[in-house]
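Hi everyone, thanks for coming. I'd like to walk you through one structure today, so let's put it on the screen.

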Amino acid sequence: MLDRTPAPYRVFTDRDVVDHLGDLPRIRGILGGAKGEWRVRDVADGNLNAVFLVDGPQGGVCVKQALPYVRVAGESWPLDVNRATYEAAYTRRLAPHVKGLAPEVHHYDPEQFVIVMEKLEPHIILRRGLIAGERFPKAPEHVAEYVAQAAFRTSDLAVPFERKAADVALFAQNLALQRITVDLVFTDPYVEVWRNKVTAPLAAWAAALRADVGLKSAVAHFRLRYLTSAQSLLHGDLHSGSVMATPDDTRVIDGEFALVGPTGFDVGNFLAHYVMAWYAKPFHAGAHGAITAYRDAIADDIARFWLTFRRRFLEIWRDEDASGDGLPPSHFADPAGRARLETFRQAYVEAIFRDAVGYLAIKTIRRIVGYAQIADFLTIGDEERRAEAQAGALALARALLKRPENFPDIAAIVDALAYFEGAGLDPKRAPA
Ligand code: SR1
Ligand code: MG
């Protein structure tokens with residue numbers, strides 16, 4: 001135990017990173033050598049935080065510090081640094097259930113809001129790999145396993161309600177990041193605010209979304225579910241930038257948006273980013289002859305992610321002695337009860353799918369007419385071409401929200417990708 005006065009929070013320089021790690025015996029052991037031999041690289045990539053990779057003669061670590069503002073916006077957009085505490089708590093909470101699917105956390109410092117974790121190598125951010133046309137064939141199954149484990153084991157199916165209440169109570173305090181989601185995901189895309197960044201040729205689409213009361217009613221339904229459904233512990237920001245992968249290994253990172261909410265929120269978010277990768281792909285530089293095959297592979301990823309999630313969630317539920325307070329096994333012990341329980345399970349997963357379809361659509365819209373745009377589209381330099389790619393995704397999203405009955409299963413969504421492609425810049429003429 002260190003006997004010292006807590007150091008006041010400071011935004012770390014490379015030097016601070018080295019000094020901080022030098023005080024941690026476990027990290028010194030991982031890096032090896034002397035402090036002077038450690039090499040620090042600033043590799044910040046996401047919207048919010050500072051991230052460093054530190055290499056020593058023996059090994060490396062990744063250091064993530066919550067900045068007191070939104071990194072990509074600067075100090076004019078302050079943001080609570082306590083988000084790092086929730087990320088550390090989320091990672092600890094899930095660690096026993098998602099071994100090998102998330103980086104190991106070596107240390108958390110609640111004074112500097114710094115997480116020191118396993119350095120993932122040679123992993124890259126999944127989004128970057130998809131843009132580059134690389135294949136990560138195991139990522140859908142791995143992320144599905146992660147989400148299925150988290151969704152079941154933190155739900156009322158698996159834990160006593162007192163345990164669940166502790167998660168609700170803790171993560172309900174992660175207010176600053178939930179505020180970002182409420183504003184940037186559910187609100188801003190449907191009003192005119194300074195933060196929205198709409199590609200000029202998509203102005204008619206943005207106006208159509210703002211004017212569409214039916215669509216906004218559907219969004220309101222899913223927004224209310226985000227705010228009121230305490231189904232399971234969520235990652236809260238599970239997009240392709242929150243996954244690091246190699247062709248064989250996959251890790252989910254960045255759980256700072258954690259909250260207890262509707263399971264379909266994470267599922268739909270991950271699906272949305274594969275869907276957007278599909279629409280963006282033909283417009284990427286260098287994506288020539290292999291486009292069709294690559295898009296087919298992404299379409300397959302979409303289906304495999306959902307189908308694996310569904311299968312694994314049901315398997316875990318059937319195999320485990322589900323001892324949560326949500327569904328007492330004693331009520332379903334006889335043969336009739338067991339059959340009814342299986343029907344109940346199928347309905348439970350079907351409801352997750354319905355939620356996921358809504359969140360898939362909402363996450364797609366926010367990435368195209370909201371603040372936090374994604375590189376999948378931003379790397380398409382020509383605005384007209386970028387807007388063409390985005391219009392297809394918006395048309396699909398609109399249909400998912402307004403005609404969900406047309407999408408009874410994942411195959412229907414995969415089939416619809418091509419149907420909405422080429423929707424065009426006039427939302428009135430686009431397929432509905
Ligand atoms: C202020 S930008 C916030 C966005 O970045 C994160 O990746 C989340 O998606 C969030 O909505
Ligand atoms: Mg993130």
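Asp-156 counts as partly exposed, at 25% relative accessibility. Its side chain meets that of Lys-164 in a salt bridge, 2.7 Å from N to O. Lys-164, at 7% relative accessibility, counts as buried. Please keep in mind that this is a predicted model.

The structure holds 37 salt bridges, so let me pick out a few others. Asp-19 takes part in a salt bridge with Arg-15 at 3.5 Å, and it also forms one with Lys-35, where the closest N and O atoms are 3.2 Å apart. That second pair links distant parts of the chain, with Asp-19 in helix H1 and Lys-35 in the loop between helix H2 and strand S1. Arg-15 and Asp-19, by contrast, sit about one helical turn apart, being four residues apart in helix H1. As for accessibility, Asp-19 is partly exposed at 23%, while Arg-15 is exposed at 58%. There is also a network of salt bridges linking Lys-64, Arg-83, Glu-87, Asp-254 and Glu-256.

Now for the ligand. Why does ligand 1 lie between domain 1 and domain 2? Both domains, 14–118 and 124–420, give residues to the shell around it, so it lies between them. That shell divides into seven nonpolar, two polar and three charged residues, and helices H7 and H12 each supply at least two of them.

Oxygen atoms of ligand 1 come 2.6 Å from a polar side-chain atom of Arg-366 and 2.8 Å from an N or O atom in the side chain of Asn-47. Taken alone, ligand 1 exposes 320 Å², and the protein buries 95% of that.

Definitions and conventions. Residues are numbered from 1 along each chain as its sequence is written. Chains are lettered from A and ligands numbered from 1 in the order in which they are written. This is a predicted model: local features need pLDDT of at least 70, side-chain atom pairs count only at pLDDT 80 or more; totals for chains, interfaces and linings use all residues. Side-chain values use heavy atoms; hydrogens and water are left out. A polar contact is a pair of N or O atoms within 3.5 Å; within protein, one must be able to donate a hydrogen and the other to accept it, and residues adjacent in sequence count only if both atoms are side-chain atoms. Accessible areas come from the Shrake-Rupley method with a 1.4 Å probe; for residues, only the protein chains shown count as cover. Helices (H or I, at least four residues) and strands (E, at least two) are DSSP runs, numbered from the N terminus. Ala, Val, Leu, Ile, Met, Phe, Trp, Tyr, Cys and Pro count as nonpolar, Asp, Glu, Lys and Arg as charged, and the others, Gly among them, as polar. Domain bounds come from an automatic or database domain assignment. A salt bridge is a side-chain nitrogen of Lys or Arg within 4 Å of a carboxyl oxygen of Asp or Glu. Buried means under 20% relative accessible area, exposed over 50%, partly exposed in between (1.4 Å probe, protein chains only).
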